[in-house]
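Work through these exercises with the model open beside you. Try each task before reading its solution.

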Amino acid sequence: MKHLTEYRNPELAKKVLKEIEKTATRNWKIMEICGGQTHSLVKNGILSVLPENIEMLHGPGCPVCVTPLHLIDKAIYLAKEKDVILCSFGDMLRVPGSTGSLLEAKAKGADVRILYSPLEAVQIARQNPDKEVVFFAVGFETTAPANALSIIHAQKLGLKNYSILNSHVLVPPAIKALMEDPLAEIDAFLAAGHVCSIMGYTQYHELAEKYKIPIVVTGFEPLDLLQGILAAVKQLENGTHFVENQYKRIVKEEGNLEAQNIIEKVYETGNQEWRGIGTIPESGWHLKKEFEGFDANKKFNINIDKVPESEICIAGDVMKGVKKPFQCPAFGKTCTPQNPLGAPMVSSEGACAAYYNFRNMIKIIE
Amino acid sequence: MNKSLFKLQCPAPKFDFDIITLAHGSGGLLTNQLLETGVFELLNNEYLDKHHDGAFLELNGKIAFSTDSFVISPIEFPGGDIGELAVNGTVNDVAMCGAIPRYLSLSFIIEEGLEISKFWDIIVSIKYAAEKSDVKVVTGDTKVVDKGKGDKIYINTTGIGIMHPKAGIDISNIKRGDKIIVSNSIATHGIAILSVREGLQFETQIESDTTNLNHLTKELLDKFGDKIHLFRDPTRGGVAATLNEIAGEMHKGIILQDQQIPVLPQVKAACEILGLDPLYTANEGVFMCFVEPGIANEVVNTLRQHEESKNAAVIGEVIDDKKGKVLITNPMGGKRVVNMPVGEQLPRIC
């Protein structure tokens with residue numbers, strides 16, 4: 001496959017790996033922001049071949065992991081309503097709420113549908129005028145344009161039975177929060193390539209400058225990640241801190257302006273709760289007042305209590321890079337991908353699930 | 001004969017009804033008409049023609065016996081339909097035991113409202129698949145359930161076969177160093193089904209690879225006998241689930257070579273787009289075999305002579321340590337564990 005196989009070329013990857021080894025003279029902690037990058041690091045065995053002085057910290061960029069528990073409970077509540085079709089991306093279905101998951105709700109008769117695009121949900125709303133269709137719109141900047149577009153479409157079509165249960169989180173405020181957390185020790189960031197393909201990286205210059213930290217916009221294939229790591233290590237060794245773009249084939253500095261226009265039309269920034277981390281100021285996108293009619297939170301009277309998270313689970317510390325999954329007392333014991341206590345164990349992008357697989361590997365390969 | 005030509009030669013008879021109703025499953029006149037003019041006519045053979053409650057069969061020696069139910073949605077998909085799948089699925093399960101499949105039972109659970117033309121198409125597919133596999137449908141049953149209590153049609157088939165005299169299929173025969181071969185490109189069926197189920201359009205149509213595998217397994221057993229230690233078809237859960245099961249049962253490890261695993265380029269591309277892993281995606285017309293290392297290349301060459309197994313390849317081998325685990329080496333030299341899938345693969349958000 002053009003533009004994929006080249007970035008999986010083992011010979012080139014080995015060369016970059018050698019250069020990383022040669023360049024790194026000290027211990028460095030590099031955080032990849034995006035869960036997709038974590039997944040790729042694990043799947044391609046990169047964590048097992050990186051030199052020992054490079055430690056990868058797995059950031060909070062897993063949308064499944066940071067969606068607040070009570071929002072998942074709301075989705076399940078809505079799904080169980082008689083005349084509701086709840087549509088969602090696939091990996092939200094297994095995430096445990098306080099009482100079960102969407103998958104269990106589906107098994108008990110709720111109409112839950114897995115979609116690849118919110119535009120399909122608009123189509124379902126059109127075809128089912130007697131039902132309320134709710135799209136569980138979670139994600140980072142990457143999924144926001146399609147979610148916003150679904151609302152514009154629904155508005156144009158005059159649909160009154162379409163709404164979204166929205167939880168949109170933003171990367172730059174999260175980087176800020178991580179850098180200001182006294183416990184976090186991060187030397188450099190690999191910024192999430194796909195987020196930047198939408199938003200560009202102009203916002204990141206200020207962060208690199210303020211926190212004196214190298215930020216490399218990085219892709220997802222093995223060679224992308226290794227090149228991103230190498231660029232970060234070079235900067236760290238040279239004592240520089242600026243924004244670099246490794247993912248040039250996709251990301252432009254200004255991003256995708258058309259997508260940004262659509263987002264701006266529908267969303268405005270506001271405070272946002274991140275599961276396991278807490279509320280980060282101005283870190284979310286909420287529907288503007290004129291689109292309130294499409295906000296499932298406001299449209300439906302959802303009466304559920306906020307349930308506290310598991311006391312043992314250290315998901316928040318894991319997502320801040322403060323602790324490794326195996327430092328959690330529940331890890332691999334009471335918390336496994338079959339019976340997850342916290343969201344990072346559910347999604348294949350979550351750091352705990354990734355480490356669960358990786359832990360097996362270390363144990364049996366060594 | 002190709003399937004569409006075959007279907008043209010079996011035009012549907014004139015029925016007084018165009019959909020199946022509860023009455024067709026009640027055992028009365030309509031049941032009779034449906035069976036007499038439809039099913040019996042099309043599938044006729046000396047066993048079925050007796051119209052008895054069961055079939056009288058003569059079987060000598062060790063037999064293999066397997067059953068499977070088919071609940072696939074949609075019932076028609078690129079490359080096949082539920083009828084063909086129901087025959088091939090059970091024929092293949094019997095073949096995986098090292099047996100020559102001979103007889104099938106066939107049971108329908110039909111949701112009322114199914115168009116008779118669709119039902120006819122399914123029966124024709126069954127006839128075609130049975131003839132291609134050289135098996136006879138010897139007994140069966142039809143039930144009709146209320147609208148909403150099924151999903152168009154469910155089929156159960158049970159198969160009986162006679163063990164191949166040279167077969168030595170037993171998981172305990174697997175030794176360290178045994179090579180693991182897949183008979184063809186993997187993940188094709190799963191992606192074909194998903195593309196119609198989700199209404200996804202790709203530039204190239206991906207067709208299910210559903211087919212009978214019994215002639216291939218017979219040829220391998222004729223040629224290599226008990227040097228073949230295991231056959232298994234990696235249907236639900238894909239290659240990953242099946243190999244994990246085997247590794248667990250045999251208390252040995254398995255190591256796969258990522259780059260050796262055949263996946264069609266269009267299937268690989270679809271998996272990339274959809275966020276799915278071909279190792280965990282379902283197959284129908286593919287089997288794996290564990291063979292003595294000395295015959296591995298010859299087995300692959302034998303398989304590659306046939307259209308339905310032209311991409312056969314050695315994908316890994318059995319190791320003594322890492323008991324119960326399946327590992328995969330990737331091109332960079334890194335290794336990872338291929339875990340047992342937790343549930344169905346769920347597409348990722350972004």
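**Exercise 1. The strand inside the chain A sheet**

β3(A) and β5(A) run parallel and are joined by 4 bridges. The model is predicted, so local features need pLDDT of at least 70, side-chain atom pairs count only at pLDDT 80 or more, and totals for chains, interfaces and linings use all residues. Residues are numbered from 1 along each chain as its sequence is written, chains are lettered from A and ligands numbered from 1 in the order in which they are written, and side-chain values use heavy atoms, with hydrogens and water left out.

Task: trace the pairing of β5(A), then state how many of its residues are buried.

Solution.
- Fix the terms. Helices (H or I, at least four residues) and strands (E, at least two) are DSSP runs, numbered from the N terminus. Two strands pair if DSSP finds at least two bridges between them.
- Start at β3(A). The bridge partner of Leu86(A) in β5(A) is Val134(A).
- Go on to β6(A). β5(A) and β6(A) run parallel, joined by 7 bridges. Phe136(A) stands opposite Leu165(A) of β6(A).
- Check burial (buried is under 20% relative accessible area, exposed over 50%, partly exposed in between, with a 1.4 Å probe and protein chains only). In β5(A), 7 of the 8 residues are buried, so the strand is largely enclosed by the rest of the structure.

**Exercise 2. The whole chain A sheet**

Task: which strands stand at the edges? Which helices pack on the sheet?

Solution.
- Write the order. The open sheet has 6 strands, β4-β3-β5-β6-β11-β10 (chain A), and its pairing is mixed.
- Read off the ends. β4 (111-114) and β10 (267-274) of chain A each have a single partner strand, so one side of each lacks a neighbour in the sheet.
- Add the twist. It averages 25 degrees from one strand to the next.
- Look at one edge. β3 (residues 84-88) of chain A pairs with β4(A) in the parallel sense over 4 bridges. Here Leu86(A) is opposite Val112(A) of β4(A).
- Place the helices. α7 (residues 118-127) of chain A lies across β3, β4, β5 (132-139) and β6 (162-169) of chain A, at about 170 degrees to β5(A). α13 (residues 257-266) of chain A packs on the sheet, touching β10 and β11 (278-287) of chain A, and its direction makes about 80 degrees with that of β10(A).

**Exercise 3. Two helix crossings**

Task: how do α8(A) and α13(A) cross, and how do α1(A) and α12(A)?

Solution.
- Define the geometry. Axes are lines fitted to C-alpha atoms, for helices over the stretch in contact, and angles run from 0 to 180 degrees between N-to-C directions. Angles under 35 degrees count as roughly parallel, over 145 as roughly antiparallel, 65 to 115 as roughly perpendicular, and the rest as oblique.
- Take α8 (residues 144-156) of chain A. Its axis and that of α13(A) come within 8 Å and cross at roughly 60 degrees. The two are therefore oblique to each other.
- List contacts (heavy atoms within 4.5 Å). Residues of α8(A), including Ala148(A) and Ile152(A), meet residues of α13(A), including Ile262(A) and Val266(A).
- Now take α1 (residues 10-23) and α12 (residues 222-238) of chain A. Their axes come within 9 Å and cross at roughly 20 degrees. These helices are therefore roughly parallel to each other.
- List that contact. Among its residues are Leu12(A) and Val16(A) of α1(A), and Leu226(A) and Leu230(A) of α12(A).

**Exercise 4. The chain B sheet**

Task: in which order do the strands lie, and are the faces of β10(B) covered or uncovered?

Solution.
- Set the order. 7 strands form an open sheet, β8-β10-β7-β11-β9-β12-β13 (chain B), with mixed pairing.
- Mark the edges. β8 (228-232) and β13 (335-337) of chain B each have a single partner strand, so one side of each is without a neighbour in the sheet.
- Pair β10(B). It runs antiparallel to β7(B), with 4 bridges, and Lys179(B) has Val291(B) as its bridge partner. β8(B) and β10(B) are also antiparallel, joined by 4 bridges, and Leu230(B) is partnered by Phe290(B).
- Sort the side chains. In a regular strand they alternate between the two faces of the sheet. Met288(B) and Phe290(B) lie on one side of β10(B), Cys289(B) and Val291(B) on the other. All are buried, and both faces are covered.
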